Amino acid sequence: MDPVILIDADACPVKDECYKVAARHGLKVFLVANRLIQAPRHPMVERVLVPQGPDVADDWIAERADAGKIVVTADIPLAARCVKAGAFVLAPNGKIFDDASIGMALAMRNLMEDLRSGGATTGGPKGFSPRDRSAFLSALERGVQQARKRMTPGV
């Protein structure tokens with residue numbers, strides 16, 4: 001059995017990269033969103049349309065996250081849930097979320113949210129760059145290899 005890629009697809013800028021890596025490795029891809037997302041017509045690419053509502057797409061992804069899944073998301077709370085479930089989790093900029101990094105990512109997210117709710121102007125995330133795209137591709141390749149190892153009995 002091969003790993004599966006689950007994409008938090010609403011605002012994901014690296015869907016095309018996911019399709020390419022998945023095709024190279026023969027992996028299934030699920031695009032999860034609460035609106036219709038453009039996707040290639042391919043038996044290994046499946047669109048999952050979830051109902052409108054807070055965290056419905058996140059819940060769908062988190063309920064399926066395990067050691068055989070690669071989750072692509074910029075949503076830190078969703079990343080934390082998926083890391084806890086044993087999935088390989090990465091952001092579109094190539095940042096890998098794991099047991100060692102997710103706590104700090106959550107703390108920083110919460111701090112920034114508190115600052116914004118207190119009226120502070122914090123700016124936004126930096127723009128998505130070609131370097132981010134390259135880092136993502138490298139991280140996704142690592143994720144495929146790690147997920148395969150996790151799924152191999154006795155490893």
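Of the 155 residues in this protein chain, 40% count as buried. The model is a predicted one, and the chain is built from five helices and six strands. Let's take a look at the overall layout, then at how helices α2 and α3 meet.

**Overall layout**
- From start to end of the sequence, the elements follow the order β-α-β-β-α-β-α-β-β-α-α.
- If we take contacts between residues at least 6 apart in sequence, 50% of them join residues at least 24 apart.

**Where α2 meets α3**
- Helix α2 covers residues 56–64 and helix α3 covers residues 76–84; their axes come within 9 Å and cross at roughly 15°.
- Because angles under 35 degrees count as roughly parallel, α2 is roughly parallel to α3.
- The crossing of these two helices is right-handed.
- On the α2 side, the contact is made by Asp58, Asp59, Ile61 and Ala62, and on the α3 side by Leu78, Arg81 and Cys82.
- Sorted by character, the residues of this contact are four nonpolar and three charged, with no polar ones.

**A closer look at α3**
- At the start of α3, Asp75 places a side-chain oxygen within 2.8 Å of the backbone nitrogen of Leu78.
- Buried residues in α3 are Ile76, Leu78, Ala79, Ala80, Cys82 and Val83.
- Leu78 and Cys82 are thus named twice here: both are buried, and both take part in the contact with α2.
- A helix of this kind is handy to read by its turns: an α-helix has 3.6 residues a turn, so residues three or four places apart point the same way.
- After α3 comes Gly86, with a positive phi near 100°.

Definitions and conventions
Residues numbered from 1 in each chain as written. Predicted model: local features only at pLDDT ≥ 70, side-chain atom pairs only at ≥ 80, totals over all residues. Heavy atoms only, no water. Axes fitted to C-alpha atoms, helices over the stretch in contact; angles between N-to-C directions. Helix = DSSP H or I, 4+ residues; strand = E, 2+ residues; numbered from the N terminus. Parallel < 35°, antiparallel > 145°, perpendicular 65-115°, else oblique. Left-handed = near helix turned anticlockwise from the far one by under 90°. Contact = heavy atoms within 4.5 Å. Nonpolar A, V, L, I, M, F, W, Y, C, P; charged D, E, K, R; others polar. Buried < 20%, exposed > 50% of the residue type's maximum accessible area, 1.4 Å probe, protein only. Polar contact = N/O pair within 3.5 Å; in protein donor to acceptor, adjacent residues only side chain to side chain.
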